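Please look through the structure below before reading on. The report that follows treats its domains, its nonpolar cores, its salt bridges and a few single residues in turn.

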Amino acid sequence: MSDELLRIKNDKGQIIVGILERKLPKESTRGTKIGIMCHGVQAHKNFSFQPKLAKELPFDTFRFDFRGYGESDFISIDYGSCENEINDIDTVVEYLEREYGYQLYAIISHSMGNLPSYHYVTRIRRNIPHLVAISARYHFSNLLRNYPKEFLKKFKSEGFKVDEYKFYGEIKRVMTTYESFSNFVSIDMSFVRELPESTSVLILHGTNDEYTTPNDAAEFSNVVPNNTLKVIIGANHSYSDHHNELVSAIREYFSDEFQSTRFFEKNKFMSSIPRYLNVEGVTNFRDLGGYPNVTRKYVRKRFIFRSGNLNGITENGIKTLNLLNIQNVFDFRSTPEVQDIGFVNIPGISRIHISIFKDADHSKEALFKKWSSYIQDYEGSSNVCMIILDEGRPAYKVVFRHILNYPNRPFIIHGAMGKDRTGVLCMLVLKLCGVSDDIIAREYEITNRNIQYNEDIIKTYYDLCKGHFTMDEIRKIMNAKYESMILTLHKFSDIYGTVDNYLNEYLGFTQREIDQIKNNLMADHAENIDNYKRDNELLHLKSAL
């Protein structure tokens with residue numbers, strides 16, 4: 001772990017000073033997650049809990065002084081506007097991405113630092129996975145209660161007031177105009193309801209906050225589209241005696257276990273429509289739709305489904321597919337796999353067999369070699385996904401051609417388990433739709449809940465290997481790791497750039513066709529729901545979970 005003091009120049013030549021906290025200083029930061037920490041009024045980058053939090057978070061952080069505070073260049077502070085602070089956040093993020101290759105993962109703000117942070121996340125057209133809002137104020141008009149009427153009358157008459165603040169041992173005199181103050185107490189926070197649903201917000205508040213009340217936190221929780229509310233008993237505004245509880249709550253929120261479980265639970269249903277469906281005899285079956293992007297569009301529901309192979313499907317399972325209006329099944333398995341495991345023809349549903357790998361690549365020797373890569377943890381799994389992206393181009397072209405030509409014909413994609421060959425195609429679809437990398441990787445990870453602990457599946461593949469792998473190694477092979485998909489997404493960006501470019505240069509689609517594919521994949525939230533209310537049977541399909 002190391003600290004590095006950075007002096008970042010903005011487009012006006014002014015300096016913003018901050019501390020970059022790196023967990024692995026000897027390793028490259030390209031593609032690494034970073035959290036930006038924003039302080040409040042009369043504070044600075046080392047205020048209160050911030051240094052402790054920076055050290056204990058599981059990713060790199062940059063905590064800085066807004067201009068007008070701490071070691072950054074001094075400017076007049078306009079409390080009625082946060083445009084300077086929004087520009088500071090933008091300057092810092094752009095610098096860290098350009099110079100270090102970081103990916104913005106979270107913005108963590110305290111007190112008044114929440115105002116520019118909320119604005120930044122709402123305005124910027126980009127995927128920001130997380131915002132942590134600590135002790136944020138919702139009702140600014142309540143500030144008037146803190147001032148005697150005589151003071152406000154004098155303030156209005158004189159037109160300004162001067163306050164003295166102590167920063168790093170130096171006394172600074174700051175003038176506030178009455179106009180700026182009036183704008184400040186008139187701030188309307190209702191804009192936070194426009195936050196993209198793809199940004200998860202952790203709202204934290206202390207019960208003994210002397211400046212804002214827990215009611216403010218409740219107001220945010222009522223209107224922010226995607227949030228988790230945590231109240232810390234006994235904590236004041238700066239968490240003076242509750243640093244440990246605050247840091248622990250934020251660390252727990254960012255833990256892989258919490259994020260994985262929260263994503264799974266939140267996405268069980270798509271506006272009352274079940275995502276994970278009980279198709280009898282089929283494992284790992286789920287709807288790929290319903291995920292949001294930053295433009296408040298959603299991937300179409302009930303159009304693309306992913307699953308393991310369909311060999312064991314029952315008559316009841318077939319009835320479910322008919323209810324879903326499934327028209328096509330794309331089978332990504334190789335010919336030897338199909339010969340060994342078998343396949344099923346379902347009346348009324350067209351099966352298209354398009355192997356991702358060449359048949360020679362799925363001899364048992366080649367299969368065991370690929371599976372061995374999964375045991376090498378994230379890098380090995382990611383390498384297999386990159387091979388799939390290359391060798392699977394002819395098969396993926398067929399699927400995207402179907403999306404282009406038949407937008408009203410729902411279909412299933414599957415391999416043996418519905419993990420990687422299926423998962424990479426899902427990655428391309430979601431990323432083309434503008435879904436965040438974080439959501440894509442969590443969606444990939446859901447497979448773990450469906451197959452990793454299914455002892456029957458594990459035993460089947462253990463027997464298939466005839467002792468080549470242990471049972472624990474088979475479990476590793478079946479593990480769909482969040483980190484592996486994140487790494488794959490980084491490699492994809494380095495090699496192919498964008499999904500548009502992949503479809504154009506490597507699959508041969510024109511830009512006009514690509515735009516139409518996107519259009520066929522996306523829907524407004526309201527449009528999407530109305531489409532399914534027409535079919536009451538579909539709405540009441542039994543969830544698998």
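In this predicted model, the C-alpha centres of domain 1 and domain 2 lie 36 Å apart. The domain assignment gives residues 3-138 together with 194-254 as domain 1, and residues 270-544 as domain 2. Where the domains touch, 15 residues from domain 1 and 15 residues from domain 2 take part in the contact.

**Nonpolar cores**

The largest nonpolar core holds 79 residues, and within it Leu 204, Ile 250, Phe 332, Tyr 396 and Phe 400 touch the most other members. Helix H14, which covers residues 421-432, supplies the largest share of this core, namely eight residues. The core also draws at least three residues from each of the two domains, domain 1 and domain 2.

Leu 204 may serve as an example of how such a residue is surrounded. If neighbours within four places in sequence are left aside, Leu 204 is in contact with Val 132, Ala 133, Ile 134 and Ser 135, and also with Lys 230, Ile 232, Tyr 239, Leu 246, Ala 249 and Ile 250. Apart from the largest core lies another core, of 53 residues, which includes Tyr 100, Tyr 120, Phe 181 and Leu 195.

**A nonpolar patch on the surface**

Nonpolar residues are also found at the surface, where Phe 160, Val 162 and Met 175 make a patch of about 260 Å². Phe 160 belongs to strand E7, which covers residues 160-167, and because its relative accessible area is 38%, Phe 160 counts as partly exposed.

**Salt bridges**

How many salt bridges does the model contain? The count comes to 30 salt bridges, and three of the pairs are set out in the table.

| Salt bridge | Closest N and O atoms |
|---|---|
| Glu 21 and Arg 63 | 3.2 Å |
| Arg 401 and Glu 513 | 3.1 Å |
| Asp 500 and Lys 518 | 2.9 Å |

In the pair formed by Glu 21 and Arg 63, Glu 21 lies in strand E2 (residues 15-22) and Arg 63 in strand E4 (residues 60-64), so the salt bridge ties together parts that are 42 residues apart in sequence. Glu 21 is buried, because its relative accessible area is 1%, and Arg 63, at 3% relative accessibility, therefore counts as buried too. This pair does not stand alone, for Asp 3, Glu 21, Lys 55 and Arg 63 are linked in a network of salt bridges.

The salt bridge between Arg 401 and Glu 513 joins helix H13 (residues 393-405), where Arg 401 lies, to helix H21 (residues 511-521), where Glu 513 lies, so parts that are 112 residues apart in sequence are tied together. Arg 401 counts as partly exposed because its relative accessibility is 27%, and Glu 513 is partly exposed with a relative accessible area of 22%.

Asp 500 and Lys 518, which also form a salt bridge, link distant parts of the chain that are 18 residues apart, with Asp 500 in helix H20 (residues 499-506) and Lys 518 in helix H21. Is Asp 500 buried or partly exposed? Asp 500 is buried, because its relative accessible area of 17% falls under the 20% limit for buried residues. Lys 518, with a relative accessible area of 25%, is partly exposed.

**Two residues with positive phi**

Most residues other than glycine have a negative phi. Ser 48, although it is not a glycine, has a positive phi of about 50 degrees, and Ser 48 is found in the loop between strand E3 (33-38) and helix H1 (50-56). At 25% relative accessibility, Ser 48 counts as partly exposed. Arg 302 likewise has a positive phi, near 55 degrees, and its place is in the loop between strand E14 (297-299) and strand E15 (304-307). Arg 302 is buried, since its relative accessible area is 5%.

**Phe 258**

Phe 258 is found in helix H8, which covers residues 256-266, and because its relative accessible area is 26%, Phe 258 is partly exposed. Not counting residues up to four places away in sequence, Phe 258 touches Thr 228, Glu 252 and Tyr 253. The C-alpha atoms of Phe 258 and Asp 515 are separated by 36 Å, and these two residues stand 257 residues apart along the chain.

Definitions and conventions: Residues numbered from 1 in each chain as written. Predicted model: local features only at pLDDT ≥ 70, side-chain atom pairs only at ≥ 80, totals over all residues. Heavy atoms only, no water. Helix = DSSP H or I, 4+ residues; strand = E, 2+ residues; numbered from the N terminus. Buried < 20%, exposed > 50% of the residue type's maximum accessible area, 1.4 Å probe, protein only. Core = buried A, V, L, I, M, F, W, Y, C linked by side-chain atoms within 4.5 Å. Domains from an automatic or database assignment. Contact = heavy atoms within 4.5 Å. Patch = residues over 30% accessible without salt bridge, like charges linked within 9 Å, V, L, I, M, F, W, Y side chains within 5 Å. Areas by Shrake-Rupley, 256 points an atom, 1.4 Å probe, with all protein chains shown as cover. Salt bridge = Lys/Arg side-chain N within 4 Å of Asp/Glu carboxyl O.
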